[in-house]
Amino acid sequence: MRKSTRRSALVVCAAASALGLAAAPSMAAPSTVWTVNPSPANFQATNVGNIVLTATIPMTCTVSNAAGSMATNTGNPGDVADITTMNFGASGSPCTSVLGNVTTTSVTPWDVVGVDYNASTGVTKGYVGNVKANVTAGACKFTVTGKASGTYTNSTGILAINSTAGELVVTNPVNCGAIVTTATKPTFKGNYAVKVAGSSVIPTIVGSNP
């Protein structure tokens, strides 16, 4: 009887220890607090240099702009802003490609998501998620979906989008032949200067683990 009691006690202690070890990592890594300043607020963003979507061939926009809202949030990854308007090209300044002028219709909202923050540089690494856009280049039509990696720098207010192959995918290609297919891996690259809407104020994003 005493041996049985001792064995039971050992089993209980071992189980408790295992549970404690399993719980330890989640307690040691609390969710990131993303402090956006000002918050909540609306923002506007305008391209700095060309914006290039490459789907086998480059499609270049000399004009692009975005707008939406931003707010402090908690989580990792953490949604720090929602893009509700995303325009590529403008009247008199269309996006271009070797197939002809390019029309891109964004299906929003897109999300600006923080993943890592470097306090020494003031740079947040993350991505623009929930990307969806319908693209027409000449007679070729297709849809791009997925995400695009990027960084945001507090000192300059530059959102630099620099996606890698495989983050975005092509669906529903029509009249594109072998140029754009479902096997094509598009990339989206370019810089946007972000300001608080209607002002020259550069918003900031700071990530911290409480």
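**Cysteine pairing**

I began with the order of the bonded cysteines in this predicted model, and numbering them along the protein chain gave me the pairing 1-2, 3-4. The count of disulfides comes to two. I note for reference that a disulfide is a covalent bond between the sulfur atoms of two cysteines.

**Cys 61 and Cys 95**

I looked up the sulfur atoms of Cys 61 and Cys 95, which are 2.0 Å apart and form a disulfide. The torsion about their S-S bond is about 110 degrees, so I entered this disulfide as right-handed. I then asked which strands the pair links, and found Cys 61 in β3 and Cys 95 in β7 (residues 95-97), distant parts of the chain that are 34 residues apart. For accessibility, I read a relative value of 5% for Cys 61, which therefore counts as buried because the limit is under 20%. Cys 95 is buried as well, with a relative accessible area of 0%.

**Cys 140 and Cys 176**

I turned next to Cys 140 and Cys 176, whose sulfur atoms lie 1.9 Å apart and form a disulfide. The link is right-handed, with 90 degrees about the S-S bond. Cys 140 sits in strand β11 (residues 140-153) and Cys 176 in the loop between β13 (168-174) and β14, so the pair ties together parts that are 36 residues apart in sequence. I recorded both Cys 140 and Cys 176 as buried.

**Contacts of Phe 142 and the nonpolar core**

I listed the residues that Phe 142 touches, leaving out those up to four places away in sequence, and Cys 176 is among them. The list also includes Ala 55, Met 59, Ala 133, Val 135, Val 170, Pro 173 and Val 180, together with Asn 134, Thr 171 and Asn 172.

Which residues touch the most other members of the largest nonpolar core? I found Phe 142 again, along with Phe 88, Trp 110, Phe 188 and Tyr 192, in a core of 43 residues. Strand β2 gives the most to this core, with six residues. As background to this entry, nonpolar side chains in soluble globular proteins tend to be buried together.

**Cavities**

I then searched the whole structure for enclosed space and found three cavities of 30 Å³ or more. The largest cavity holds about 210 Å³ of space. It is lined by 19 residues, of which Phe 43, Ala 81, Val 112, Leu 159 and Val 194 are the closest to its centre. I sorted the lining of this largest cavity by residue class and obtained 19 nonpolar, no polar and no charged residues. At least two lining residues come from each of β2 (41-55), β4 (64-70), β6 (78-88), β9 (110-118), β12 (158-162) and β14 (187-196), and β6 supplies the largest share, four residues.

For the second largest cavity I noted a volume of about 140 Å³. Of the 16 residues in its lining, those closest to its centre are Leu 53, Phe 88, Thr 104, Ala 133 and Phe 188. The elements that give two or more residues to this lining are β2, β3 (57-61), β8 (100-106) and β10 (123-137). By class, the lining of the second largest cavity divides into 15 nonpolar, one polar and no charged residues.

I closed by comparing my lists: Phe 88 and Phe 188, which stand among the residues closest to the centre of the second largest cavity, are also among those that touch the most other members of the largest nonpolar core.

Key
Residues numbered from 1 in each chain as written. Predicted model: local features only at pLDDT ≥ 70, side-chain atom pairs only at ≥ 80, totals over all residues. Heavy atoms only, no water. 1 Å grid on protein atoms, 1.4 Å probe; cavity = no way out; pocket = protein on both sides within 12 Å on 5 of 7 lines; lining within 4 Å. Points joined across faces, edges and corners; volume = space filled by probe spheres on them. Nonpolar A, V, L, I, M, F, W, Y, C, P; charged D, E, K, R; others polar. Core = buried A, V, L, I, M, F, W, Y, C linked by side-chain atoms within 4.5 Å. Buried < 20%, exposed > 50% of the residue type's maximum accessible area, 1.4 Å probe, protein only. Contact = heavy atoms within 4.5 Å. Disulfide = S-S within 2.5 Å.
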